[in-house]
Amino acid sequence: MTRPATPSGQGSCPNVVLVVTDDQGYGDFGCTGNPWLKTPSLDALHDEAVRLRRFHVDPMCAPSRAALMTGCYSARAGVWSTLTGRYFLGLDKATMATAFLDAGYRTGMFGKWHLGDGNRYRPHDRGFEEALYHGGGVIGEMPDHWDNDYFNATFNRNGVLESFRDTYCTDVWFREAGDFVERCTQQGESFFCYLATNAPHCPYDVDERYARPYLEQGLPEERARFFGMIANLDENVGRLCETLDRFGIAEDTVLIYMGDNGTACGARVDAAGHVVDGYNAGMRGKKCWATDGGHRNLCLVRWRGGGWRGGRDVGELTAHFDLLPTLAGACGLAIGDVDGLDLGPALRGGHDPALVSRSIVVHNQQRDNPEKYKDFEVLAGDWRLVQTTEWGPGRRELTSVAHDPGQRTDLSREHPDVVDRLMRVYEAWWRGLDAEFAQVWPFYLGAGAEVTMTAHAWHGTTRPTGIYDQNHCRLGVAQNGHWLVRVLVAGRYRFELRRWPREAGAGITSGLPARAGAPHVTDRPEGVALTIRRASLAVFDDGSGALRSEASAPVDDAIECVTFLVDLPTGLHRVLTRLVDEDGTERGAYYAYVSLANCDDAGFSA
């Protein structure tokens, strides 16, 4: 394979390494003024790169990743939550990886995906030739391999499980990415490497030697470990930069470093979002908040051979969805309609009037069905029109970050014209998303491989947060919701319902021992035994709500699962399961394994 040519036909296009960390905010760097945290490698990159100083993402991780991969607002890509099945990246959107692959690049991703766990949504279904990743949004969430932790885990490599023992997860991602870079370089092929870490997201598990310097400064233990995870990231970034230099490709490689939302643990805020302790670069709010502290991040962009260097700042509003059109311009990628702008002129030091005049809307839904006016901010120049709902005091405010970066002074009475103008921006933006809000992306059945569905993807849960962590499974939390499935091939399907995943090897009513005492690893609670006595499965037509199939079966303590055989036509269906205790308590089956049935399959017929 020959290296792709630049759009002008002069020479070859650059390689791209895109590093995205999880929960590292703007203030979680030494180079942005953090008084405790030491990040020498990132500080060195900061001094050489072009810094996007007013760079904004979503307030939570999966939406940010959807926008990054598609160049569109996250909700336009079908993602506005990290749970409730609303983290499945819409199949009507091509990804950044597909664009690079179509342009002749080798493509690889390593780390956190969190844009869909089922067939068609996985990274190796969405343009990545090589993908090594954990399940769900965090190691140890429901879609992840059972009992994974940050030091010992089983990850998924292109659909095949692979064990990694006694190796820290961040070190795995960077090592594997380095191997990918080396292979491509040796073969003379351009590459796109997406290195998306789960660190420094909780649990704040890291080797003591990284956390110790911050504990010795008297920081709270969680923050010391959070900073220790960033110190490990910094060390890995240093090795990555050395690798690019050693292979002689640093000049021809675009290196981007960014986070996916505001800080999670670098600061503590009060009910209004103002910092109580810690450091957040003077901003209001943190992860999840609609104020700037929830979504402003630091993006470092370096391309030595392309003039994107020099320790310069871009001070205009930029966003995660700008990176795809920017890389398309630099690398000759063909992309469709996007919401972002090509930042190439600004990165080279030029002036772009489109950046000066733009408005950006940020919101946090984190629920199955979006609610208009919930936790949003409209950004235009220095103006910020914010509505706090779940995260904040519950009022609409207008602030100017030019003179009030902490967003403490409400100027809405003094500038009602600005409020009206920015509200019109929001209203038009919301109207443009109606079709996306109505689209629910399903699991696909009958396309070949067995499909695993977990409670992480339930719709219609009785509380917004639902069931998402393996601890919820251990505790036997009584929640339920339904899965949306699209049947591609009419026929008989085998539904295997479980409380525990297969790899746990536990009976459906059995408990499991607590996990405690492992070095550097957060304990997990005892898995409580349950008195489940009956299991049921109901399948409804998604359009009419009509019941398609229903079956119920007794449960005894000797079995691991209950299997139902269901005849299904093609189309969209809702799947609802129930596990009922002897006292009448109900919960859904936390795990379901679904496949086309064989003629000799046994189970209860629906």
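This briefing walks through the sheets, helices, cores and salt bridges of the structure above. The model is a predicted one, so please read every value below as computed from it. One open sheet has 10 strands, and another has 4 strands. The largest nonpolar core holds 95 residues, and the salt bridges come to 54.

**The 10-strand sheet**

- The strand order of this open sheet is S6-S5-S4-S3-S7-S1-S8-S11-S2-S12, and its pairing is mixed.
- Strand S6 (160–164) and strand S12 (313–319) are the edge strands; each has a single partner, so one side of each lacks a neighbour in the sheet.
- From one strand to the next, the twist averages 20 degrees.
- Within the sheet, strand S1 (residues 15–21) runs parallel to strand S8 (residues 253–259), and 7 bridges join the two.
- If you would like one pair to look up, valine 16 has valine 254 in S8 as its bridge partner.
- Helix H4 (residues 169–186) lies across S1, strand S3 (106–111), strand S4 (130–133), strand S5 (153–157), S6 and strand S7 (191–196). The angle between H4 and S7 is about 180 degrees.

**The 4-strand sheet**

- Here the order is S13-S14-S15-S16, in an open sheet with antiparallel pairing.
- Strand S13 (359–363) and strand S16 (396–400) take the edge positions, and since each has a single partner strand, one side of each is left without a neighbour in the sheet.
- Neighbouring strands of this sheet are turned against each other by 15 degrees on average, direction ignored.
- Strand S14 (residues 376–380) pairs with strand S15 (residues 383–387) in the antiparallel sense, over 5 bridges.
- Valine 378 finds its bridge partner in S15, namely leucine 385.
- Helix H11 (residues 416–431) lies across S13, S14, S15 and S16, and runs at about 115 degrees to S14.

**Nonpolar cores**

- Tyr194 and Phe495 touch the most other members of the largest core, which has 95 residues.
- Helix H8 (residues 323–331) supplies the largest share of this core, with 6 residues.
- Leaving aside residues up to four places away in sequence, tyrosine 194 touches Leu18, Val20, Arg65, Leu68, Met69, Gly108, Met109, Phe110, Lys112, Trp113 and Phe128.
- There is also a second, separate core of 58 residues, with Ala153, Tyr168, Phe174 and Leu240 among its members.

**Helix H6**

- Helix H6 (residues 221–246) has 26 residues, which at 1.5 Å a residue should span 38 Å; the end C-alpha atoms are 37 Å apart, in agreement with that expectation.
- Most of H6 is covered, with 19 of its 26 residues buried.
- Glycine 248 follows H6 and has a positive phi, near 70 degrees.

**Salt bridges**

- Aspartate 171 and arginine 239 meet through their side chains in a salt bridge, at 3.9 Å from N to O. Aspartate 171 sits in helix H4 and arginine 239 in helix H6, so this pair ties together parts that are 68 residues apart in sequence.
- Both ends of that pair are partly exposed: aspartate 171 has a relative accessible area of 22%, and arginine 239 has a relative accessibility of 39%.
- Aspartate 557 and arginine 533 form another salt bridge, with their closest N and O atoms 3.4 Å apart. Aspartate 557 is in the loop between strand S22 (547–554) and strand S23 (562–568), while arginine 533 is in strand S21 (residues 532–541), so the pair ties together parts that are 24 residues apart in sequence.
- Aspartate 557 is partly exposed at 49% relative accessible area, and arginine 533 is partly exposed at 32%.
- Arginine 578 forms a salt bridge with glutamate 586, where the closest N and O atoms are 3.1 Å apart. Arginine 578 counts as partly exposed at 30% relative accessibility, and glutamate 586 is partly exposed with a relative accessible area of 41%.
- Some salt bridges share partners, and in this way Glu450, Arg494, Glu496, Arg498, Arg502 and Glu560 are joined into one network.

Key
Residues are numbered from 1 along each chain as its sequence is written. This is a predicted model: local features need pLDDT of at least 70, side-chain atom pairs count only at pLDDT 80 or more; totals for chains, interfaces and linings use all residues. Side-chain values use heavy atoms; hydrogens and water are left out. A nonpolar core is a set of buried Ala, Val, Leu, Ile, Met, Phe, Trp, Tyr and Cys residues joined through side-chain atoms within 4.5 Å. Buried means under 20% relative accessible area, exposed over 50%, partly exposed in between (1.4 Å probe, protein chains only). Contact means heavy atoms within 4.5 Å. Two strands pair if DSSP finds at least two bridges between them. Axes are lines fitted to C-alpha atoms, for helices over the stretch in contact, and angles run from 0 to 180 degrees between N-to-C directions. The expected span of a helix is 1.5 Å times one less than its number of residues. A salt bridge is a side-chain nitrogen of Lys or Arg within 4 Å of a carboxyl oxygen of Asp or Glu.
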